Amino acid sequence: MARNKTYDEISVGDCATLTRTLNANDLFVFAHASGNVNPMHLPGVDWTGDGKVDEPIAPSMWAGALISAVLGNVLPGPGTVYRSQTLNFRDRAHLGDRLEVSARVTAKKSDGIVELKTQVKREDGDVIAEGDAIVTAPERTITFDASSLPGILIERHQHFDRLLEAAETLAPLPTAVVAPDDPNSLGGTALAAREGLIDPVLVGARSRIEVAASEIGLDLSPFELIDVDPEDAAAARAVALVHEGRVRAVMKGHLHTEDLLRHIVKRDGGLRMKRRLSHCFVMDIPGRASPVIISDAAINISPDLQAKVDIVQNAIDIARSLGIATPKVGILSAIETVNPAIPSTLDAAVLSKMAERGQIKGGIVDGPLAMDNAIDIQAAKSKGITSLVAGHADVLVVPNLEAGNMLAKELTFIAHAEAAGLVAGAKVPVMLTSRADNDRARLCSCVLALLYDHWQKTGEALVRQSQESGA
């Protein structure tokens, strides 16, 4: 709640100070609001052209604009009208700088005019900007509750960016790419290879792969290509490459999921292990403190309790490989109480108890939880739910494939999330992407596979995800 000081309440010598730490979102918001898209002010840009991402420098007027926060919120506060402001910029603000913004009254004039000395400086004392402000102070007391101000969502996918950066330290993962015979799947494969994430072996019909390559202007000479047709035979050959030790991952190209999985799950010569295979969508949702994992939305149509045990364990393992040390798993249903008429609530209760008894390891499992109270702490509190998971879920285990598929696509197309997919429970990671996925989705799926493969071999996660306070 902001309360002003009226002209009559103000005295010469009065001071006010606010602090602000510069983060990347500040720079994106200012670029949109001002229209100033000078690349030297934007995170993640090589503005010097040397091939490396440069540290952004805050626009000088961003620092200058902070002064208005002191004048408009504190001294004089709500109702203040700017008349003039001089600014002398002595330094530049950088990401992570904690700034002190101050205003001190130097004079009171007639007609409500107040003069102030203003300054923006770092905590270490280095001055960023300074100058003099002249304002008309309010004549009457005004209070304002800023909590009603609409929020701003910045559409950034920083979690995948962080995973990509971590994966740069690893050697490429030898990967059989099955039927990459359309521009999307072949382009995504080539991008992942250029980024050093996979060393692809293209398995499919040479004629169709060459046509796709010509459409996107791709030179196929750097890649090994095994000419196999039809797609069913290509899937079988990719699985055989794993057994031969030539590849350590399989990636779906332009073929139906069931045509690939048929060879992966077969008992003789497949890639099955003790656990049931399950798919995880890893969602990078703007505004979330860590990625959200949804399982299973692509393989198990209507899983029974034993299948859900494996689904939960696979999802926990993938979450841990991405740096979530102790994943919090919410078992979703339509309601957050056990109801015998809704079987998914019974499964959720049993899964929670199994985790307590150590039958599911490495994470904290709770359910049943409805979607709202699984991810929103206020929704959980409103229902009186006391849980380490409620409001903080990293993993959402859905009742069936239909629910998971709809949830993942809603987050993608409505919440502007980026999605990547990975199958766990097989002998090697399986990148199961949609035939309509773009290059970025395929690239991020390769990142998941590489980090998961590294975690399986070493038990080490190369990135540490931030988790919400109180979780």
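In which helix is the place of serine 344? Serine 344 lies in helix α9, which spans residues 343-356. The model described here is predicted.

**Serine 344**

With a relative accessible area of 12%, serine 344 is buried, because buried means under 20% relative accessible area. Its side chain makes a polar contact with the side chain of serine 333, at 2.7 Å. Once neighbours within four places in sequence are left aside, serine 344 is in contact with Lys308, Ser333 and Pro399.

**Helices α4 and α5**

Two packed helices are described by the angle between their axes and the distance between the axes. For helix α4 (residues 183-194) and helix α5 (residues 206-216), the axes come within 9 Å and cross at roughly 75 degrees. The crossing therefore makes α4 roughly perpendicular to α5. On the α4 side, the contact is made by Pro183, Leu186 and Gly187. On the α5 side, Ile209, Ala212, Ala213, Glu215 and Ile216 take part. Sorted by class, the contact has six nonpolar residues, one polar residue and one charged residue.

**Cysteines 444 and 446**

A disulfide is a covalent bond between the sulfur atoms of two cysteines. A search of the whole structure finds zero disulfides. Two of the cysteines are listed below.

| Cysteine | Closest cysteine sulfur | Relative accessible area |
|---|---|---|
| Cysteine 444 | 9.1 Å, in cysteine 446 | 2%, buried |
| Cysteine 446 | 9.1 Å, in cysteine 444 | 1%, buried |

Why is the sulfur of cysteine 444 not bonded to the closest cysteine sulfur? The closest one, in cysteine 446, is 9.1 Å away, which is too far for a bond, because a disulfide needs the sulfur atoms within 2.5 Å.

Key: Residues are numbered from 1 along each chain as its sequence is written. This is a predicted model: local features need pLDDT of at least 70, side-chain atom pairs count only at pLDDT 80 or more; totals for chains, interfaces and linings use all residues. Side-chain values use heavy atoms; hydrogens and water are left out. Helices (H or I, at least four residues) and strands (E, at least two) are DSSP runs, numbered from the N terminus. Buried means under 20% relative accessible area, exposed over 50%, partly exposed in between (1.4 Å probe, protein chains only). A polar contact is a pair of N or O atoms within 3.5 Å; within protein, one must be able to donate a hydrogen and the other to accept it, and residues adjacent in sequence count only if both atoms are side-chain atoms. Contact means heavy atoms within 4.5 Å. Axes are lines fitted to C-alpha atoms, for helices over the stretch in contact, and angles run from 0 to 180 degrees between N-to-C directions. Angles under 35 degrees count as roughly parallel, over 145 as roughly antiparallel, 65 to 115 as roughly perpendicular and the rest as oblique. Ala, Val, Leu, Ile, Met, Phe, Trp, Tyr, Cys and Pro count as nonpolar, Asp, Glu, Lys and Arg as charged, and the others, Gly among them, as polar.
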